[in-house]
Amino acid sequence: MTARAAQLTPAQMDAFWMPFTSNREFKAAPRMITGADGCYYTAADGSKKYDTLSGLWCASFGHGRPEIAEAIARAARTLDYAPPFQYAHPLGFELAERVARFTPKGLDRIFFTNSGSESADTAIKIAKAYWARRGHPEKNQVIGREKGYHGVNVGGTSVGGIAPNRAGFGELMGATHLPHTLLAENRFSKGCPEHGADLADQLEARIRDIGAEHVAAVMVEPMSGSAGVIIPPKGYLERLAAICKRHEILLIFDEVLTGFGRLGATFGAELFGITPDILTMAKNITNGAVPMGAVAVTEDIHAAFMDSTPLEYDAEFRHGYTYSAHPLACAAGLAALDVLERDDLVSRAADLAPYFEAQIHNLRGLKHIVDIRNLGLAGAFQIEALPGEPGRRPWQIALAAWERGLYVRFGGDTVQLGPPFIAEKADIDHICEVLAEVIPATP
Ligand SMILES: Cc1ncc(COP(=O)(O)O)c(C=O)c1O
C-alpha cells in the first residue's frame, strides 16, 4: 500500500473530492497516510507520525488492534450483510445490550446509525416525534449552542453553532442557540473553568421567548470538541439540566466525541452526574475501525413509540439506515468494547489526564498561545489569529509538526490534542516538546 500511495500522481488525485479539506492545498503537497499501529501513523515516505488526535477522536484505544481486525474479518466471512428493516442478525442485539451496559442507567434503548452526524439527526427526529406521540406536535423546536458541533447533516448543521459550517446553505432546519461558554476570564483554566455557570440561565430567556410548549429539546455536547475543546464552566451543565427538567424539555447530550472514555469517564454524563434523556455516540464505539453510531434513549421515550403504533406489523419509528447495525460494525463494536474493558482504558485515560494537563499548561507564555484548555485527555491551544488571515497559523503549525513527526489537528485558530488512551507520559512529553518548538517559530 505504501508504494502505491506514494506513487499517486496529481491526476490520480483529481477524482476524490476530499471532505472538510482545502483540496487545492492538500493535492499540491499531500500528507498521505498509508499505515497505522498503536499510537503512530506511517506516512507514504515511510516516516512515523504520532497520532495526537486518535485519528479524529475515534481511534482512542490505539490503532491496529488485532482483536478488532479479526472480529471484522470473521463477520465478513460469516455474514457480510443482513437487512436491518423487519429482519435482523444476532450481533445487533448483542452490541445494543453491551452498549446499554456502558450508557448511564436508564438510557437502555439503543438505535444504531453509521456516524455521529446520523446520530445527531436521529436524536433530533426522536425528540420531535416523541412529543408528537405524546400528543404535543407543536413542541418541536430544538435549542443548540453557539460553537456546538453536531455533524454535517441538516439537523446537526442547524442545531450546531459553528457559524461558517451553517453559512452558505440558505434555510436548513430552524433552531435557536444559547451563548457559548468560551470566556476571556477563564483563559488558562485547568479543567472546568470557574466563570460562566450563569450562562445556562440564558436558556430560561430563550424558553420565555419561544414558550416551553414549543421547545422539544436542548442539544449540547458536554464538552464542545470540534470548536476547540471548550470546557463547561463549573455548575453550567447541572443548571442547564435543571432548567430542562423544570420546563419538561428533553436534554440531548451529544457524546459522539466524549463517549467511551475521552474525559476519563465512560461518558460526560457520568463525569458530571447528569442523566440526559437522549445520548448520541459514534467514533470510539468501534475504535474508528468501521463507521458506526448509536443513540441511547430512556424507557419513557422508547415506550412513547411502542405504545402509539396501533398496527402490529407497522414500524414504530419510520427511520433507519440501510447500514444500521451493519454486521461488520457490530463485530468491530463488540471487539472494541472488549478491549476498552479488558485493558481498563477509561481508568488509564483518567490516570494520564493530570500529567497531560500539567504538561500542556507548561506551554503557557509561549509566543502565539493565548489560551490553553483541557479536560480528561482532551486539550487545545488557542492561537492568536494572524490579522486578516484567521486559521492560517494553526495550519502552518500542523504542517511544521507533520515534518517533525506529529499528526496534529488544526481547526479555526486552535490546535487540538486528543491522544490515544494508551499514550505514555513520554509521548505527552514528546508532543509538547515538538509543539513548544513549532508554535513560537510560526510567523
Ligand atoms: C459532538 C459531535 N457530534 C457529531 C459529530 C459528527 O460525527 P461524524 O463525523 O461521524 O458524522 C462529531 C464529529 O466530530 C462530534 O464531535
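**Close-ups of a two-domain chain**

**View 1. Helix 15 on its strands.** Helix 15, residues 392–403, lies across strand 12, strand 14 and strand 15. Check its heading against strand 14: the two run at about 170° to each other. Bear in mind for this and every other view that the model is predicted.

**View 2. The four-stranded sheet.** Here's the sheet those strands belong to: it is open, has four strands in the order 11-12-15-14, and pairs them antiparallel. Strand 11 and strand 14 (409–411) are the edge strands, and each has a single partner, so one side of each is left without a neighbour in the sheet. Going from one strand to the next, the twist averages 20°.

**View 3. Strand 11 meets strand 12.** Zooming in on this pair, we find six bridges joining two antiparallel strands. Leucine 375 makes a handy landmark, as it stands opposite alanine 378 of strand 12. Helix 14 also comes into the picture: it packs on the sheet and touches strand 11, strand 12 and strand 15. Its direction makes about 180° with that of strand 11.

**View 4. Where the two domains touch.** The domain assignment splits the chain into domain 1, built from 2–61 plus 344–441, and domain 2, covering 68–342. Their C-alpha centres are 26 Å apart. At the contact, 31 residues of domain 1 meet 28 residues of domain 2. On the domain 1 side, the elements that give two or more residues are helix 3 (54–57), helix 14 (345–361), strand 11 (369–375), strand 12 (378–383) and strand 15 (414–417). Helix 14 gives the most to that side, with seven residues. So helix 14 turns up twice in this set: here against domain 2, and in the previous view packed on the sheet. As for the make-up of the domain 1 side, there are 15 nonpolar, 12 polar and four charged residues.

**View 5. The hairpin of strand 1 and strand 2.** Now for a separate strand pair: strand 1 (residues 33–37) and strand 2 (residues 40–43) pair in the antiparallel sense, with four bridges between them. To find your way along the pair, start from glycine 35, whose bridge partner in strand 2 is threonine 42. Then follow the chain to the turn, where two residues sit between the strands. Glycine 38 in this hairpin takes a positive phi near 60°.

Conventions: Residues numbered from 1 in each chain as written. Predicted model: local features only at pLDDT ≥ 70, side-chain atom pairs only at ≥ 80, totals over all residues. Domains from an automatic or database assignment. Contact = placed C-beta atoms within 7 Å. Nonpolar A, V, L, I, M, F, W, Y, C, P; charged D, E, K, R; others polar. Pairing = 2+ DSSP bridges. Axes fitted to C-alpha atoms, helices over the stretch in contact; angles between N-to-C directions.
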